[in-house]
Amino acid sequence: MFTKKSKSNADFSLSMSKNPLTGDIITLNRYTAIKRSVVNLIKTNFHERFYKPDLGTDIYKKLFESYTVVLESQIKESIKDVLNKYEPRIKVKDIQLFFDDYENNLNIDLEYEILNNFETDRVSMVFVLPRER
């Protein structure tokens with residue numbers, strides 16, 4: 001007789017804190033684990049991870065460029081590429097970019113579908129270019 005084991009999308013908490021009852025490292029549920037993975041992949045710069053120089057989006061570097069339609073398209077494509085390659089649990093549905101010239105920040109709203117159960121989730125991120133360097 002065969003039994004089917006469900007595949008859980010869990011991950012360790014980055015704080016590496018312990019569960020007070022069991023003493024084990026706290027794990028995140030699958031929705032939080034996927035969301036954390038998406039944010040980490042988007043915020044990673046190229047050549048930041050050893051042995052994976054193509055992992056990342058280089059959004060921080062692109063903040064120094066003039067914001068144009070071409071740059072917006074490049075950012076969207078780099079987000080889609082990194083998520084399609086390194087996050088197989090989701091499918092990107094929509095990416096919205098909003099650049100605020102006055103505050104020097106880029107807001108990214110990403111909507112994605114979790115493939116196993118066809119639920120959608122959203123994540124929003126803000127990238128800030130500091131005025132003083």
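**Strand β4, its neighbours and the salt bridges**

Strand β4, which spans residues 105-114, is mostly covered, with 7 of its 10 residues buried. The structure shown here is a predicted model, and this strand is a convenient place to begin reading it.

Strand β4 has a partner on either side in the sequence. Strand β3, residues 90-100, runs antiparallel to β4, and 10 bridges join the two. Within this pairing, Gln 96 lies opposite Asp 109 of β4. The connection between β3 and β4 is a hairpin with 4 residues between the strands. In that turn, Asn 104 has a positive phi of about 55°.

The next pairing involves strand β5, residues 119-128. Here too the strands run antiparallel, and 10 bridges join β4 to β5. As one example of the register, Ile 108 has Met 125 in β5 as its bridge partner. β4 and β5 also form a hairpin with 4 residues between them, and Phe 118 in the turn has a positive phi of about 60°. When following such strands by eye, it helps to recall that side chains in a regular strand alternate between the two faces of the sheet.

Attention may now turn to charged side chains. Side chains of opposite charge can pair when their charged atoms come close. A search of the whole structure finds 6 salt bridges, including the three described below.

One of them belongs to the pair of strands just discussed: the side chains of Glu 111 and Arg 122 meet with an N to O distance of 3.0 Å. This salt bridge links distant parts of the chain, since Glu 111 is in strand β4 and Arg 122 is in strand β5, 11 residues apart. Arg 122 is partly exposed, its relative accessible area being 43%.

Another salt bridge lies in helix α3. Glu 72 pairs with Lys 76, and their closest N and O atoms are 3.4 Å apart. Because the two residues are 4 residues apart in helix α3 (residues 69-86), about one helical turn separates Glu 72 from Lys 76. Glu 72 is partly exposed, with a relative accessible area of 23%, and Lys 76, at 22%, is partly exposed as well.

A further salt bridge joins Arg 89 to Glu 87, with the closest N and O atoms 2.6 Å apart. How are these residues placed, buried or partly exposed? Arg 89 is partly exposed, with a relative accessible area of 22%. Glu 87, by contrast, has a relative accessible area of 2% and is therefore buried, the limit for that term being under 20%.

Note on methods: Residues are numbered from 1 along each chain as its sequence is written. This is a predicted model: local features need pLDDT of at least 70, side-chain atom pairs count only at pLDDT 80 or more; totals for chains, interfaces and linings use all residues. Side-chain values use heavy atoms; hydrogens and water are left out. Buried means under 20% relative accessible area, exposed over 50%, partly exposed in between (1.4 Å probe, protein chains only). Two strands pair if DSSP finds at least two bridges between them. A salt bridge is a side-chain nitrogen of Lys or Arg within 4 Å of a carboxyl oxygen of Asp or Glu.
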